[in-house]
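Student: I should be grateful for a close look at one part of this structure, taking in the strand pairing and the side chains that go with the strands.

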Amino acid sequence: MKSKIIAAAAILAALAFLHPHPALSQPATDGGKKPGFWQPQAQVDNTRNITLRLLNETGLNLEYGQSGANLSSLPVGTSKNIIVRISNRTGDIANIPINATGGSTTLKYDYNVDSQTNLVTIRITRSDPRTRQDRSVYIDEKGRVYSF
C-alpha cells in the first residue's frame, strides 16, 4: 500500500513538470509587446549586406570583435564601420561583442536604422550599473537586431 502511494506521488510530480509553462520569450497574451532582452531593437534587410556603425560615446576605450576575428579597438569618440556580408548560412548572421577595455563598465546600445542603405548606427554609451548591461550586438537570420 505504501509503495502505491509513493508511486502515485512520483507520477503526479512528474506530470507537474510536463505541464507547459510559458517561456519568457513568448508573445504577450494580450497581443502586445512585453519589454525584455528577447525583443528585437531594430530590423534590417537580411537579403543585402549590412553595415554596422559603432559610435563610442562612453568616454572609455572599447574593444569589439567579430565571429572568428581578433579583437579590434574603438578609441574614445571614434566610430568604426563593420560590414556584415550575407551568406547562405541559415543561422545567425552576426554576433559582435563590445566591451570596455580592461574594465567592467556597464554599457548601453541605442540603435538607428537607415533602411535605404541598410546601415545600423549603434550609439554606445555608459549605462547605470543597476540596469541591464548590453554586451553584444546580435543579428539573426531574419534580420532582427538584438542586444544581449
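**Strands, core and aromatic cluster**

Tutor: Strand S3 (residues 62-64) and strand S6 (residues 94-100) are antiparallel partners, joined over three bridges. This is a predicted model. Across this pairing, Glu63 stands opposite Asn99 in S6.

S3 and S6 belong to an open sheet of six strands, whose order is S1-S10-S9-S6-S3-S4 and whose pairing is antiparallel. At its edges are strand S1 (42-43) and strand S4 (72-74), each of which pairs on one side only.

Another antiparallel pairing joins strand S7 (residues 107-114) to strand S8 (residues 119-126) through eight bridges. Within it, Val113 stands opposite Val120 in S8. The hairpin of S7 and S8 has four residues between the strands, and Asn118 takes a positive phi near 60 degrees there.

The strands can next be related to the nonpolar interior. The largest nonpolar core has 24 residues, and those with the most contacts inside it are Leu52, Ile98, Ile122 and Ile124. At least two residues of this core come from each of strand S2 (50-56), S3, strand S5 (79-84), S6, S7, S8 and strand S9 (136-139). S6 gives the most to this core, namely four residues.

Ile98 merits separate attention. Leaving aside residues up to four places away in sequence, Ile98 touches Leu54, Leu62, Glu63, Tyr64, Leu107, Tyr109, Ile124, Asp134, Arg135, Ser136 and Val137. Among these contacts is Ile124, which is itself listed with Ile98 among the residues with the most contacts inside the core.

The aromatic side chains complete the account. A pair of aromatic rings is described by the distance of the centres and the angle of the planes. With centres required to lie within 6.5 Å, the count comes to three aromatic pairs. In one of them, the rings of Tyr138 and Tyr146 have centres 6.2 Å apart and planes at 45 degrees, so the pair is tilted. The rings of Tyr146 and Phe148 have centres 5.7 Å apart and planes at 10 degrees; this pair is therefore stacked. Ring pairs thus link Tyr138, Tyr146 and Phe148 into a cluster.

The members of this cluster can also be described by their accessibility. Tyr146 is buried, with a relative accessible area of 9%. Tyr138 is partly exposed, at a relative accessible area of 21%, and Phe148 is likewise partly exposed, with a value of 39%.

Methods. Residues numbered from 1 in each chain as written. Predicted model: local features only at pLDDT ≥ 70, side-chain atom pairs only at ≥ 80, totals over all residues. Heavy atoms only, no water. Phe/Tyr/Trp six-rings, centres within 6.5 Å; stacked < 30°, edge-to-face > 60°. Buried < 20%, exposed > 50% of the residue type's maximum accessible area, 1.4 Å probe, protein only. Pairing = 2+ DSSP bridges. Core = buried A, V, L, I, M, F, W, Y, C linked by side-chain atoms within 4.5 Å. Contact = heavy atoms within 4.5 Å.
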